[in-house]
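Hi,

Here is the structure I said I'd pass on. Have a look at it first, and then read my notes below.

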Amino acid sequence: YATLDRLATTVIPVLLLGETGTGKEVVARTLHERSPRSGRPLICVNCAAIPDQLIESTLFGHERGAFTGADRKATGVFESANGGTVMLDEVGELPAQAQAALLRVLETRRFSRVGANKEIEVDVRVVAATVRDLEKRVAEDAFREDLFYRLNVLTIQMPSLRDRRVDVPLLAEHFLEQFNERLGTHIRGFDAAAMKMLVQYGWPGNVRELENTIERAIVLADGEEITVDDLSPKIRASQDKIRSTLAGGE
């Protein structure tokens, strides 16, 4: 957060690296909200979820008749976010043509809608995120080297939850409070065995998986505390595997 505060007043691109569920969008939102751009839009786009043939139209808009089905002019993400921030999640999945267009926006602050000759100037701060190894993608000719260096001005590596287990109780309590309010429940906390199991679990889905786990446990809980029985079979099985491994070592 100290790094984000220093970055908030700048316009340089930020590249967020980390596993799925580590909170990359939370960081992008925090960066935007602490910046002078907070009064303008923050638009988050999952590049992997958009078909290749529509990605340029999504990002930069299109003119009427630009392609089959384009029956009216459409404003793209960059134009809509003018003065604000665009987060490009899974930026490593961008097709080559969209990579070239993104590089031009970063270098000139200009772009053209699909099917248009006129350029539009925008002031947008770009935050890119990916689970991919972009340097490896560059070596494989799957990602432009010049775009990689343009995005890689400042990189923030998002830690996995298993590398910061000390945060698990804090996050679990936070989600408990959040879901109690949202669901109208009154679960007071976690019993010692359940919390120990949460801390020892590997969390392949990171913070997002923990959030979903707490929501599920609250819905299933019979008493005023979340117990081991309220946790998912996957988490309980993981604990059984730990015990078996320890027993075998003995």
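Before anything else, keep in mind that this is a predicted model.

I'll begin with a polar contact: the side chain of Ser-35 has a polar atom 2.7 Å from the backbone oxygen of His-32. You'll find Ser-35 in the loop that links α2 (24-33) to β2 (42-46). Is Ser-35 buried or exposed? It's buried, because its relative accessible area is 6% and the cut-off for buried is under 20%.

From β2 you can step across to β3. The two strands run parallel and are joined by five bridges, and Ile-43 sits opposite Val-86 of β3. Strand β3 (residues 85-89) also pairs with β6 (residues 125-130), again in the parallel sense and over five bridges. There, Met-87 has Val-127 of β6 as its bridge partner.

As for how covered β3 is, five of its five residues are buried. In a regular strand, side chains alternate between the two faces of the sheet. In β3, one side has Thr-85, Met-87 and Asp-89, the other has Val-86 and Leu-88, and all of these are buried, so both faces are covered.

Last stop is helix α9 (residues 192-200). Which of its residues are buried? Ala-194, Met-195, Met-197 and Leu-198 are. They lie on the same side of α9, because the arc they cover around the axis is only 160°. Turn to the other side of α9 and you'll see Ala-192 and Lys-196, which are exposed.

Cheers

Definitions and conventions:
Residues are numbered from 1 along each chain as its sequence is written. This is a predicted model: local features need pLDDT of at least 70, side-chain atom pairs count only at pLDDT 80 or more; totals for chains, interfaces and linings use all residues. Side-chain values use heavy atoms; hydrogens and water are left out. Buried means under 20% relative accessible area, exposed over 50%, partly exposed in between (1.4 Å probe, protein chains only). Helices (H or I, at least four residues) and strands (E, at least two) are DSSP runs, numbered from the N terminus. The arc is that of the directions from the helix axis to the C-beta atoms. A polar contact is a pair of N or O atoms within 3.5 Å; within protein, one must be able to donate a hydrogen and the other to accept it, and residues adjacent in sequence count only if both atoms are side-chain atoms. Two strands pair if DSSP finds at least two bridges between them.
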